[in-house]
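Here is a walk through one structure, taken a piece at a time. Have the sequence and the 3D view open while you read.

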Amino acid sequence: MSTPGKPLLRVENLVKHFNIGGPFSASKQVIHAVDGVSLHVDERETLAIVGESGCGKSTLGRVIMRLIEPTSGSINLSGEELTTVKGRALLPYRRKLQMVFQDPFGSLNPRMTVQETLGDLLRIHGLASGKSVKLRVGELLETVGLPASSAKRYPHEFSGGQRQRVGIARALAVNPSIIVCDEAVSALDVSVQAQIVNLLRDIQVEFGLSYLFISHDLMVVRHMADRVAVMYLGRIIETGDTENIFSRPRHPYTRALLDVVPIPGALRKDDRMVLKGDVPNPLTPPAGCHFNPRCPFAINRCRVEAPTLQSTGEGLVACHRWNEIPAWVDPSPPPKDSDGRLERLQARFVGNDPSPAKQPAEAGTTA
Ligand SMILES: Nc1ncnc2c1ncn2[C@@H]1O[C@H](COP(=O)(O)OP(=O)(O)OP(=O)(O)O)[C@@H](O)[C@H]1O
Ligand SMILES: [Mg+2]
């Protein structure tokens, strides 16, 4: 986490609906994947997007990246409206906005060495030519904790953690302002996960980066993010500073989300709000507040009137009853972490883990 600066990315009322069913289908069906999302990310800031599977996190990231076209809404980067830019004119903006995926194979060509992939990228964007390409690729690999000599390897010759480092080097190659990380550490072993989180934080400071950090891992989010936006069925239902969200969540859904993971300071067991049922079908979202069928505090109004985001003084929440329902109970001692995952993660996050970026080992041994 670093000191945020000027506004960088501003998204207003972004909508992405997927029309499903072929042209000859009798009934037209629409998935409301992203349903009127507004958010902003400042310079050097990390905004986390959290929420259950299928709530629209990846779609939001992909629409912002213009990998898929929005249905409507505005995406503004450093004062420039992106939704009206098309074709080759998008190239300079693509440089500024980069993405790191859960599976780095998605962004790396399996038939090209890292030297070829990164080299091509540098040449296409006019960032290096001739002999300087090789030097720059080596420099990028060392920045992400890999030896320059690993440039000659193919993607399958790296471990999962190393491949994610290559994915990060690929994003860094074009000097981005903001990186959308979509579950970038979710598939990694816990110790490797912590190393990659530390790497992301180190390069954030070094290069003044902003992150839109999409993750279902709330522990990682707590360590990474300055602010958190909670999504439910395509909408943001609560947003605020990370510590406020974790210590004083206002929306019943945010509370329930925090209750299912071993977070330090979570509620006592008997105060926990267990979420019943699955996320409703996005083809037929419930009327009113989308969360109402699962919410223990729902009243008639919640079933007919969709709440809009309103200020709580600390953040924004979309709930008709946020200031009526029982307040977040005093935190109890951190729950027992049966598999030791929490302790291991914390030990690494407070810096007990030697950063591989400072100790570049052989490519075969670095995570
Ligand atoms: N190309 C597509 N065509 C039709 N529906 C889609 C498409 N992409 C996503 N969806 C639907 O949009 C909704 C949101 O999906 P999305 O992948 O954004 O969720 P998510 O929050 O990233 O989930 P997860 O945590 O599992 O990655 C889902 O109902 C999904 O089935
Ligand atoms: Mg996703």
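What follows covers two sheets, a ligand site, a group of aromatic rings and a pair of backbone angles.

Before anything else, keep in mind that this is a predicted model.

**The four-strand sheet**

Let's start with the sheet at the N-terminal end of the strand numbering. It's an open sheet of four strands in the order S2-S1-S4-S5, and the pairing is antiparallel. Which strands stand at the edges? They are S2 and strand S5 (80-81), each with a single partner strand, so one side of each has no neighbour in the sheet.

Now to the individual pairings. Strand S1 (residues 7-20) runs antiparallel to strand S2 (residues 29-42), and 11 bridges link the two. If you want a landmark on that seam, look for His17, which sits opposite His32 in S2. S1 also pairs with strand S4 (residues 72-77), again in the antiparallel sense, this time over five bridges. Two landmarks help here: Leu9 faces Leu77 in S4, while Val11 has Ile75 of S4 as its opposite number.

As general background, strands of a sheet pair through backbone hydrogen bonds, either parallel or antiparallel.

**The eight-strand sheet**

The other sheet is open too, with eight strands in the order S6-S7-S8-S3-S9-S10-S12-S11, and its pairing is mixed. Its edge strands are strand S6 (97-100) and strand S11 (310-311), each of which pairs on one side only. At the S6 end, S6 and strand S7 (residues 178-182) run parallel and are joined by four bridges. Leu97 is a handy place to look, as it stands opposite Ile178 in S7.

**Around ligand 1**

Next, the ligand. Which residues come nearest to ligand 1? Of the 13 residues around it, those are Ser53, Gly54, Lys57, Ser58 and Thr59. Three of these five names turn up again in the table, which lists N or O atoms of the protein beside an oxygen atom of ligand 1.

| Residue | Part of the residue | Distance to an oxygen atom of ligand 1 |
|---|---|---|
| Gly54 | backbone N or O atom | 2.8 Å |
| Ser58 | side-chain N or O atom | 2.8 Å |
| Thr59 | side-chain N or O atom | 2.5 Å |

Taken alone, ligand 1 exposes 640 Å², and the protein buries 61% of that. Where does the shell come from? S1, S2 and helix H1 (57-64) each supply at least two of its residues. H1 gives the most, with three residues. By type, the shell around ligand 1 splits into six nonpolar, five polar and two charged residues. S1 and S2 thus have a place in this shell as well as in the four-strand sheet.

**The aromatic cluster**

Over to the rings. A search of the whole structure turns up three aromatic pairs. In one of them, the ring centres of Tyr232 and Phe291 are 5.2 Å apart with the planes at 80°, so this pair is edge-to-face. Tyr232 lies in strand S9 (residues 227-232) and Phe291 in the loop between helix H9 (252-259) and helix H10 (300-304), so the pair ties together parts that are 59 residues apart in sequence. Both Tyr232 and Phe291 are buried.

Phe291 has another ring partner, Tyr253: the centres are 5.3 Å apart and the planes at 65°, so this pair is edge-to-face as well. Since Tyr253 belongs to helix H9 and Phe291 to the loop between H9 and H10, the contact ties together parts that are 38 residues apart in sequence.

Are Tyr253 and Phe291 buried or exposed? Tyr253 has a relative accessible area of 0%, so it is buried, and Phe291, at 2%, is buried because the cut-off is under 20%. Put together, Tyr232, Tyr253 and Phe291 make up one aromatic cluster.

**Two positive phi angles**

Finally, a look at the backbone. Asn13 has a phi near 50°, a positive value in a residue other than glycine. Asn13 is in strand S1, and its relative accessibility of 49% makes it partly exposed. Arg66 also has a positive phi without being glycine, with a value near 60°. Its place is in the loop between H1 and S4. Arg66 is buried, with a relative accessible area of 5%.

Conventions. Residues numbered from 1 in each chain as written. Chains lettered and ligands numbered in written order. Predicted model: local features only at pLDDT ≥ 70, side-chain atom pairs only at ≥ 80, totals over all residues. Heavy atoms only, no water. Pairing = 2+ DSSP bridges. Near = heavy atom within 4 Å. Polar contact = N/O pair within 3.5 Å; in protein donor to acceptor, adjacent residues only side chain to side chain. Areas by Shrake-Rupley, 256 points an atom, 1.4 Å probe, with all protein chains shown as cover. Nonpolar A, V, L, I, M, F, W, Y, C, P; charged D, E, K, R; others polar. Phe/Tyr/Trp six-rings, centres within 6.5 Å; stacked < 30°, edge-to-face > 60°. Buried < 20%, exposed > 50% of the residue type's maximum accessible area, 1.4 Å probe, protein only.
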